[in-house]
Amino acid sequence: MPAGNSKKEVRWSEAETDEFAPLLSDKEFHRLSSLIYDIWGINLPPPKKTMVSSRLRKRLKALRHPSFQTYLDYVLSPAGRQQEWSHLIDAVSTNKTDFFREKVHFDFLSRNLLPRLAHDLRQSAGRILRVWSAGCSSGQEPYTLAMVLAEYQNQNPWFSFAITATDINNQVLEEAIRGTYDDEILNPVPKFLLCKYFMKGKGNQAGYHRVVPELRQRICFQRVNLMDGNFGFKSAFNVIFCRNVIIYFDQQTQRQLFHKFYSNLSPNGFLFLGHSENLHGMEDKFVKVASSVYQCKK
Ligand SMILES: C[S@@+](CC[C@H](N)C(=O)[O-])C[C@H]1O[C@@H](n2cnc3c(N)ncnc32)[C@H](O)[C@@H]1O
């Protein structure tokens, strides 16, 4: 952190106003975007500079850094690595999500895949369906999965499932674990599912609903960087959802990730990507079974 000499103190009392607008130079943006690419795989081309500098201004202000230069020196120091990297990725990652986003995927899962997957699992006694929501953001995707799977379980009581939901962003993970959403966010949830799987807030929680504990318990939330070499999961997954995540990665990073998904899928397991994403050049390992849904060949 910058030393607290009197010149800087004066500068900071001015900086507390909204006029505090340190400039991010092209060179500083390059240093920052290279770090973000190396550690989290996120590709930030030059047009993203304005977005990055405006999102990071709050961090500079909170840490009382007078410029991006001093902030970057701190970020790249051993102390910055320990204390600031998680804030940095929280600030720059994009977390847009929704309940029942790209709904056809959930329809395809419950109508076409679940009967098959459940049948296969039933043959191998004692096994449960394992699903991974990779890049789960604030939880809307894994809770949607949990509702779909719980509905299937209601019809087929012998069936069971477990969901692992991971993200790199601590803030959204905390929201996901809490499982409390305002009513507007819950608009895409069908009324009968809302009544069954959410508790209505009262008093100062009016206008919010919280996921019931029985559903929350079905999901294990974890912080995982998809760039890590080995995720360390004990068992393979039958289904992986990784939607609207790889869009921020370049092709080389995407391919490395697809190989890791392949290793973490059980034989004939399924990978769901976002609708604008696809598995280029992985035809030897995956076959397309529906729009942006792939089955692994093993
Ligand atoms: C746009 S959201 C998508 C959320 C959800 N899958 C959906 O489709 O609605 C992308 C998420 O990927 C996460 N993410 C980005 N890079 C990541 C990485 N290297 N490791 C883990 N998560 C990452 C972001 O933090 C963000 O929450």
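A nitrogen atom of the ligand lies 2.9 Å from a polar backbone atom of Arg-243, in a predicted model. That pair counts as a polar contact, meaning N or O atoms within 3.5 Å of each other. Side chains join in too: an oxygen atom of the ligand is 2.9 Å from an N or O atom of Asn-95, and a ligand nitrogen is 3.2 Å from one in the side chain of Glu-141. On its own the ligand exposes 600 Å², and the protein buries 99% of that (Shrake-Rupley areas, 1.4 Å probe).

Around the ligand there are 21 residues, with Thr-97, Arg-101, Gly-135, Asp-167 and Asn-244 coming nearest (a residue is near if one of its heavy atoms lies within 4 Å). Sorted by class, this shell holds seven nonpolar, nine polar and five charged residues, with Gly put among the polar ones.

As for the chain itself, the assignment splits off domain 1 (6–92) and domain 2 (104–296), with bounds from an automatic or database source. Their C-alpha centres are 33 Å apart, yet nine residues of domain 1 touch 12 of domain 2, contact being heavy atoms within 4.5 Å.

Residues are numbered from 1 along each chain, and side-chain values use heavy atoms, without hydrogens or water. Local features need pLDDT of at least 70 and side-chain atom pairs 80 or more, while totals for chains, interfaces and linings use all residues.

Technical notes: A polar contact is a pair of N or O atoms within 3.5 Å; within protein, one must be able to donate a hydrogen and the other to accept it, and residues adjacent in sequence count only if both atoms are side-chain atoms.
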